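Biologist: Please take one part of this model and look at it closely. I would like to hear about the arginines and their charged partners.

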Amino acid sequence: MHSYIYPCPLRWADADAYGHINNALFLRYMEEARTRMFREVLPADEVDRRRNAFVVSRASIDYRAPLHYRETPIDVHVWVTQHRAVSFELAYEIRDADQLYVEGTTTIAAYNLDTGRPRRLSEAERAFLARYTVS
């Protein structure tokens, strides 16, 4: 198992009046990392993407330390903690080498946007998830 690491740029507008990154932005950072991680497994065709989509069904964040705006990106680590027939859970750490700022999780459901219903994960999706799954 290895985690996916996304070097996420911080934006000046992400900071509040105290120079801290606003708490709501951490969900966006998790989304950016997840989206880039899954580029490899998502279909290129828009019709297939709609039939083989993923939706977030739950998100949780634990804030560990304030993150101040800066020019250098922050690392978002992502890995799979479990996967089942139609859903999986991702864990996140938003951190530097020496400081953890946020820990989070999302539960993701495989979903068909055209039917509005959950779908089963494909073999290729399960193989992709296995590469990032904690044993």
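Modeller: Here is a close look at the salt bridges and two of the arginines. This is a predicted model, in which local features need pLDDT of at least 70, side-chain atom pairs count only at pLDDT 80 or more, and totals for chains, interfaces and linings use all residues. Residues are numbered from 1 along each chain as its sequence is written, and side-chain values use heavy atoms, with hydrogens and water left out.

Start with Arg-119. Arg-119 sits in the loop between strand 6 (117-118) and helix 3; helices (H or I, at least four residues) and strands (E, at least two) are DSSP runs, numbered from the N terminus. Arg-119 is buried, at 10% relative accessible area. Buried means under 20%, exposed over 50%, partly exposed in between (1.4 Å probe, protein chains only). The side chain of Arg-119 forms a salt bridge with that of Glu-125 (2.8 Å, N to O). A salt bridge is a side-chain nitrogen of Lys or Arg within 4 Å of a carboxyl oxygen of Asp or Glu. Glu-125 is buried too, at 5%.

Now Arg-126. Arg-126 lies in helix 3 (residues 123-131). Its relative accessibility is 30%, so Arg-126 counts as partly exposed.

By the salt-bridge rule, the count is twelve. One of them joins the side chains of Glu-40 and Arg-131 (2.6 Å, N to O). Glu-40 lies in the loop between helix 1 (25-37) and helix 2 (46-51) and Arg-131 in helix 3, so the pair ties together parts 91 residues apart in sequence. Glu-40 is exposed at 51%; Arg-131 is partly exposed at 36%.
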